[in-house]
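User: I've got a structure open on my screen and would like to talk it through. Can you take my questions one at a time?

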Amino acid sequence: MNQRHPLSEVAETGAGRGAMQALWMPFTANRSFKNTPRLLVAAQGMHYRSDDGRSILDGTAGLWCVNAGHGREPITRAIQEQAARMDYAPSFQMGHPLEFEAAEALARIAPGRLKRVFFTNSGSESVDTALKIVLAYHRARGQGQRNVFIGRERGYHGVGFGGISVGGIAGNRKVFHGAMLPNVDHLPHTHDLERQGFARGQPAWGAHLADELERLVQLHDASNIAAVIVEPVAGSTGVLVPPQGYLQRLRAICDKHGLLLVFDEVITGYGRLGAPFAAQALGVLPDLIVSAKAVNNGTVPLGAVFVRDDLVDTVLEAAADGAIEFAHGYTYSGHPLAAAATLATQQLYADEGLLERVRRDGLDAYWEQALHSLRDSPHVRDIRNIGLMGAVELHPRPEGAGLRGHEVFTRCFEMGALVRCTADTIALSPPLIIERAHIDQLTETLRHALRDTR
Ligand SMILES: Cc1ncc(COP(=O)(O)O)c(C=O)c1O
């Protein structure tokens, strides 16, 4: 018998489209959204279902987070059971076994000596936590003057004051300009359409852009610099793939001057590039890794900051016996439901080999081929890919940036595929359980949307 989905009534009656006034939606054009809402009411495997009952292929893993696909039974069960057993435990001066188990499970897949884990509730909190850990470490070893952070243009590190300060997205900084961290500088971004256009995987041109760090070191003096923070692949600004050798060069310059290197892997973490982290996939070891999202398949808010063990030891050992060593944490750090979801997710990733699948099954090559087949479609300015991430950048319309990208996004949604647009770049990052037929469907939907878009 066909089982009725519990939400099918909502879908059929349209009950989901009640009053929409009260909710102020994040990073959304609220007024236009509420005129033409797009509502999702259920999800399973590779698909969402919209409130009008349509099946929508998920080309973005939700918001880069549902790496094992939707509605995975072991994760759902773990959350349900934990909610019934113990809903919440205080996180300060108290603990519960699952948060320790979750941290151990994560430490097992972390690269190098990044075996200590601090829990937060989001990517933004993880970024700000990482910046604070860096400051605490330098202070603990008697170098408290190191307070300059180096971020990168076009970097996205969430929306906390720390994150927008080291981040390099003008639109996210403009309104808050007077309230950002004072001692921040930025590397240039690595994107160059002329020299890298339609590169497959990592572009050959651009490693030398890392040398700009040398210039910033001369300007600020190495002794004042706390850390450099970059996304290994800049996701939110349109999947900017690091040039070959670029990250290696950043690492070498950091080593030369004693600077810490932080990778923000909120998007690249948990299998997106065919290894647990981009650090492993690209062969560059940072000192801290910031993660969130797919850590528990996007089911319960959780962020995890991985820290090199000796950094943590330095902070812990600098404090007096019995004192709280690091004055930082959240009510929901290591929340029981989030921890249960993390354990179940990591088990699922291991059982299904999902963290390596993208490379092991040659999905990345198939993905690359499929995306680049759109090269001759109308409006296409560039195509970029790495692992199971991709972007199709479009020529903007003369009337304004972002209009064409938004039209492609809405057309795809109408045709049954969820893609993401940031300005005129269509970004793609499907769940790692994707099959080749889904990749074909996604590509064909985009091809049609591009053809029909003005
Ligand atoms: C690289 C990166 N850092 C940080 C964040 C912020 O994460 P959150 O939205 O969970 O705060 C994101 C979100 O997309 C991200 O892509």
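Analyst: Sure. One term to begin with: domain bounds here come from an automatic or database domain assignment. This is a predicted model, so local features need pLDDT of at least 70, side-chain atom pairs count only at pLDDT 80 or more, and totals for chains, interfaces and linings use all residues. Residues are numbered from 1 along each chain as its sequence is written.

User: What distance separates the centres of domain 1 and domain 2?

Analyst: The assignment gives domain 1 as 8-67 + 361-452 and domain 2 as 76-353. Taken over C-alpha atoms, the centres of domain 1 and domain 2 are separated by 27 Å.

User: And which element supplies the largest share of the side of domain 1 that touches domain 2?

Analyst: Contact here means C-beta atoms, placed from the backbone, within 7 Å. The contact takes 26 residues from domain 1 and 25 residues from domain 2. Strands and helices are DSSP runs numbered from the N terminus (E, at least two residues, for strands; H or I, at least four, for helices). On the domain 1 side, six residues, the largest share, come from β11.

User: How do the residues on that side of domain 1 divide into nonpolar, polar and charged?

Analyst: For the classes, Ala, Val, Leu, Ile, Met, Phe, Trp, Tyr, Cys and Pro count as nonpolar, Asp, Glu, Lys and Arg as charged, and the others, Gly among them, as polar. The side of domain 1 that touches domain 2 has 10 nonpolar, nine polar and seven charged residues.

User: Which helix gives the most to the shell around the ligand?

Analyst: A residue is near the ligand if its C-beta atom, placed from the backbone, lies within 6 Å of it. That shell has 14 residues, with S122, G123, S124, G158 and V266 the closest. By class, five are nonpolar, seven polar and two charged. Three residues, the most from any helix, come from α6 (residues 123-140).

User: Which residues of α13 are buried, and why are they on the same side?

Analyst: Buried means 20 or more other C-beta atoms within 10 Å of a residue's own, exposed means 12 or fewer, and partly exposed is in between, with C-beta atoms placed from the backbone. The buried residues cover an arc of only 95° around the axis (the arc of the directions from the helix axis to the C-beta atoms), which puts them on the same side of α13. The face turned away from that buried side carries the exposed D310 and E317, while the cover over the buried residues includes β4, α6 and β10. In α13 (residues 309-318), the buried ones are L311, V312 and V315.

User: Which helix gives the most to the largest nonpolar core?

Analyst: A nonpolar core is a set of buried Ala, Val, Leu, Ile, Met, Phe, Trp, Tyr and Cys residues joined through C-beta atoms within 7 Å. The largest one has 124 residues, and L288 is among those with the most contacts inside it. Nine residues of this core come from the helix that gives the most, α14.

User: Is T443 buried or exposed?

Analyst: T443 lies in helix α18. Leaving aside neighbours within four places in sequence, T443 is in contact with A370, L371, S373 and L374. Because 23 other C-beta atoms lie within 10 Å, T443 is buried.

User: What about F27, buried or exposed?

Analyst: F27 is in the loop between α1 and α2, and has a positive phi of about 40° although it is not a glycine. With 9 other C-beta atoms within 10 Å, F27 is exposed.

Definitions and conventions. Two residues are in contact if their C-beta atoms, placed from the backbone, lie within 7 Å.
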